[in-house]
Amino acid sequence: MEERGYVAEALLERMREGGVAFRLIGDASAFPESAPPEIDIAVARASLPELPRLLARFAQEFDLRLVELERSARRGWRATFVWSDELGRPRFLAARLFVGAEEGASADALFICGLVDSVEQGALPLDRASWLSGLWREAPQETTALVQRYWRDEAHARLIAQAARHGNWLALRARLAELRRGLRRVRWPRLPRRRVSVVFTGRESVQRTNLMTHVQGRLAPLGLDLFEDRAGGAHGADFRIVFDGPPDLDHPDAIAIARDLPLPSALAQVEGAILRWMECRVERRFPDAVVGANPLGARLLQAPLVGRLAAIVLNCRIEGRLRSPVLMPVPFGIVVERGVRIGSRVTLMHQVTIGRKHVSRTDRAPVSGNGGALPVIEDNVYIGPGAKVLGPVRIGRGATVGANAVVTRDVPSHCTVVGANRILGVEPASVVAARRREEEATLS
């Protein structure tokens, strides 16, 4: 089975386990072999509030990047998941979950749900049209009666019946806008999706243009607006790629690429930075669903303007840059020194200290390991109450630091550390960590 098929099947199974009533709009028989880049799923209206949390949990459990999570015209959600294949190329699956027309999974209910969605979207692809014709042949009389409930005009109902009966949808495609106006239900306006803009700036050269062309091709399913800064247009961009920029550039919305870097390495860095930025944007927009529900004190502690005042009240010191929200269920006595790098969906319990091992050593002290004197905390890490993470250490993706643990050495991904550097499950997890680090850098 293709990777996209695995992910699509896993998402549907996760929805079943979560008790979400849904119907797949399209031919499900293709999933054992593959899955389309975008799948459409009709869900019950009562399930809409649960979807953001379910999608975020699904991405976290299967180690996927959730780079898009949008509410579509108040009728549902659109989510995009990204992962890397065996060759390090990005793979995509977009899921559009919207309110279904009818309960149940009968042929007539599926037909009307798929048709209404296509009419409201203003597009009817060939595979969707073929699928609708097959449903019509299963229950023509029931489907005809249901169509007449949704379209008052007999001419519209006759047009739909003829298209489905003969499998010729050309005339119907030409009148989709007219059918949408005649639909007997609440019609939400079609709002255009806001496209993320990425500008390539810095030293202009053939290498920069070549890099942008490759990024545009590999990230095409995301629909990004990529352009070069040739007329001072970089100010309105969401993210900047600074070619031959300063190596110490530390900005949440930019990354510097060395001019002498080979194209595969530069491509991996740029792709990782863009996907990382989009993932953090989702976390900032939906912190409760993606990261977890923080108490008021934790939200104030991470706010840009009132954070320092809240830190005094809560006896905390958060000086490290937080690119995405951090879950702090009990925000008391937490210390994060300046220069500490923290990933996404990290949980910090009370009395946690993350900082230098030696007070006299500066951030730029020459040390081995990750290249700095301060810790790096990767994604999905849990740090228990009273834990201390000190010095140039890296806490791997998905690791757990036990309560009152003292960590002064690297912790492989998906491991647990207790006491003083006592790492559990280090041998199998080190293999996982090595493979993850070869595939991609989890922090940018």
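Two strands pair if DSSP finds at least two bridges between them. Keep that rule in mind while touring this predicted model.

**Stop 1: the strand pair β13 and β16**

Select residues 347-348, which are strand β13, and then strand β16, residues 382-383. Two bridges join β13 to β16, and the strands run parallel. Now pick out L348: opposite this residue, in β16, stands I383.

**Stop 2: the sheet around that pair**

Widen the selection to five strands, which form an open sheet. Their order is β13-β16-β19-β21-β22, and the pairing is mixed. Which strands stand at the edges? They are β13 and β22; each has a single partner strand, so one side of each is left without a neighbour in the sheet.

**Stop 3: a loop beside β22**

Select N421, in the loop between β21 (416-418) and β22 (422-424). Is N421 buried or exposed? The cut-off for buried is under 20% relative accessible area. N421 counts as buried because its relative accessibility is 19%. To see what N421 touches, show V406, V407, T408 and R409; residues up to four places away in sequence are not counted here.

**Stop 4: strand β2 and its two partners**

Go to residues 38-43, strand β2. This strand is mostly covered, with five of its six residues buried. Add strand β1, residues 22-25: four bridges join β1 to β2, and the two run antiparallel. Then add strand β5, residues 90-99, which is joined to β2 by six bridges and runs parallel to it.

D40 is a useful residue to click on here. In β2, D40 is the bridge partner of I25. In β5, the bridge partner of D40 is R96.

**Stop 5: two cysteines**

Select C113 and then C415. C113 counts as buried because its relative accessibility is 2%. C415 also has 2% relative accessibility, and therefore counts as buried. How many disulfides does a search of the whole structure find? The search finds zero.

**Stop 6: a nonpolar patch on the surface**

Finish by selecting L296, L300, L305 and V306 and turning on the surface display. These residues form a nonpolar patch on the surface, and together they have about 410 Å² of accessible area. L296 lies in helix α12, which covers residues 296-301. Exposed means over 50% relative accessible area. L296 counts as exposed because its relative accessibility is 53%.

Notes. Residues numbered from 1 in each chain as written. Predicted model: local features only at pLDDT ≥ 70, side-chain atom pairs only at ≥ 80, totals over all residues. Heavy atoms only, no water. Buried < 20%, exposed > 50% of the residue type's maximum accessible area, 1.4 Å probe, protein only. Disulfide = S-S within 2.5 Å. Contact = heavy atoms within 4.5 Å. Patch = residues over 30% accessible without salt bridge, like charges linked within 9 Å, V, L, I, M, F, W, Y side chains within 5 Å. Areas by Shrake-Rupley, 256 points an atom, 1.4 Å probe, with all protein chains shown as cover. Salt bridge = Lys/Arg side-chain N within 4 Å of Asp/Glu carboxyl O.
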